[in-house]
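Visitor: Please take me closely through a single part of this model, the stretch that carries a domain annotation. I should like the account to follow the fold and then turn to individual residues.

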Amino acid sequence: MSFLTLDHVSHHYFSKKNFTKALDDITFSIKEGEFVALLGPSGCGKSTILSIIAGIIEHTAGEIYVNDQPLQQAELDIGYMLQQDYLFPWKSIIDNVLIGPKISHDQSEETKKNAVDLLNQVGLSGITEDYPDSLSGGMRQRVALVRTLITNPKILLLDEPFSALDYQTRLKLEDLVWELLGLYSKTSILVTHDIGEAIAMSDRILLMDANPGSIAKTFEVPVELRNEKPFLVRRHPKYQILFDKIWEKLNKNEANSLQHEVVESPNET
Ligand SMILES: Nc1ncnc2c1ncn2[C@@H]1O[C@H](COP(=O)(O)OP(=O)(O)OP(=O)(O)O)[C@@H](O)[C@H]1O
């Protein structure tokens, strides 16, 4: 049974001067515990999809269901992880992590203990009273991950959470996030521009097309790759085969859209 379904969802942005058809007829489902990647060129609507699921913006057409109930009537606890960690510099690490529980009036000792346990699990023991300024980018993203997990969200929306990190830190964090989300069987959607990251981390990849944003093709990640840590996935021969298929499709789509643009451009006189 599907946990989350987007059913013919479209979205237009309106402003005084512009009308942007950001998403056109998006349909897909995600099962509980599944890890899906949204991959595609800049401006194809990946972040818009996350914002719609998170209820930050209202889609202009279509329907979203959570466990077969319309999203508006469903209780969907969401965890959001972004490129920037948005830690509060004036709050200690533990207070940053406990912001979500505090907002929902949970100041229990059990939650504090869970926070410390999770910090230990991501390799950040003994820094609970430190402040964000004293941490590296990778450490700060680990704190952001713990802050996201502590509220036990039903679904995690990961919007390019590794893209601001150096390559080595990025590879290490991919492994860590993948392991933790697997351990807690979290349903997750990862937005990325990185084909390798999408293959290494997810069960399924939705390749998107731009102008307007739509799903061009779905790629199932072979089961041998899904059960392997992201770093090791990159060594597998099936990784390269899938990478090439996605690369080819991406380039074909880009070429088609360029052709489209040329056809639609006004004649120069
Ligand atoms: N608030 C907004 N107002 C008007 N247009 C917007 C707004 N946000 C996004 N858009 C437009 O909607 C389209 C989809 O944007 P979106 O940010 O969802 O794409 P994306 O695939 O996440 O891009 P990127 O990979 O560059 O982050 C783009 O054409 C963008 O310019």
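Guide: Across residues 4-235 the chain is 33% helix and 28% strand, and 32 Å separates the C-alpha atoms at its two ends. Helices (H or I, at least four residues) and strands (E, at least two) are DSSP runs, numbered from the N terminus. UniProt, in an unreviewed entry, gives residues 4-235 the feature "domain: ABC transporter"; its positions follow the numbering used here, feature names are shortened, and annotations may be inferred rather than shown by experiment. Residues are numbered from 1 along each chain as its sequence is written. The model is predicted: local features need pLDDT of at least 70 and side-chain atom pairs count only at pLDDT 80 or more, whereas totals for chains, interfaces and linings use all residues.

Confidence comes first. The mean pLDDT of the protein (the predictor's confidence in each residue, from 0 to 100) is 90, and 95% of the residues score at least 70. Among the elements, strand S3 has the highest mean, 97, and helix H10 (residues 237-264) the lowest, 80. For the complex, the predictor reports a pTM of 0.90 and an ipTM of 0.97.

The fold can be read from strand S8 (residues 187-192). Five of the six residues in S8 are buried, which leaves this strand mostly covered; a residue is buried with 20 or more other C-beta atoms within 10 Å of its own, exposed with 12 or fewer, and partly exposed in between, C-beta atoms being placed from the backbone. S8 has parallel pairings with two strands. Strand S3 (residues 35-39) is joined to S8 by five bridges and runs parallel to S8; two strands pair if DSSP finds at least two bridges between them. Within that pairing, Leu39 has Thr192 of S8 as its bridge partner. Strand S7 (residues 155-159) is likewise parallel to S8, again through five bridges, and Ile155 stands opposite Thr187 of S8. From S7 the chain passes through helix H6 (residues 167-183) to reach S8, a β-α-β crossover that is right-handed (with the strands pointing away from the viewer, the path from the first strand over the helix to the second runs clockwise).

A second group of strands is arranged differently from a parallel pair: an open sheet of four strands, in the order S2-S1-S4-S5, is paired antiparallel. S2 and strand S5 (69-70) form its edges; each has a single partner strand, so one side of each is left without a neighbour in the sheet. Strand S1 (residues 2-14) is linked to S2 by nine bridges, and a hairpin of four residues connects S1 to S2. Tyr13 stands opposite Thr20 in S2, while His12 has Lys21 of S2 as its bridge partner.

Tyr13 and Thr20 also belong to the ligand shell, together with Ser15, Ala22, Ser42, Gly43, Cys44, Gly45, Lys46, Ser47, Thr48 and Gly213 (a residue is near a molecule if its C-beta atom, placed from the backbone, lies within 6 Å of it). Strand S2 (19-31) and helix H1 (46-53) are the elements that supply two or more of these residues. H1 contributes the most, with three. This helix is itself mostly covered, since six of its eight residues are buried: Lys46, Thr48, Ile49, Leu50, Ile52 and Ile53. Just after H1, Gly55 takes a positive phi of about 80 degrees.

Several loop residues repay inspection of the backbone. Most residues other than glycine have a negative phi, and most peptide bonds are trans. Asn152, in the loop between helix H5 (137-149) and S7, has a positive phi near 50 degrees; with 14 C-beta neighbours inside 10 Å, Asn152 counts as partly exposed. Glu160 lies in the loop between S7 and H6 and has a positive phi near 45 degrees. The 18 C-beta neighbours of Glu160 inside 10 Å make this residue partly exposed. The peptide bond from Asn211 to Pro212 is cis, with omega near -5 degrees, and Pro212 sits in the loop between strand S9 (204-209) and strand S10 (214-220).

One further loop residue is Leu98, between helix H2 (93-97) and helix H3 (99-103). Leu98 counts as buried because 23 C-beta neighbours lie inside 10 Å. Between the C-alpha atoms of Leu98 and Glu254, which are 156 residues apart along the chain, the separation is 44 Å.
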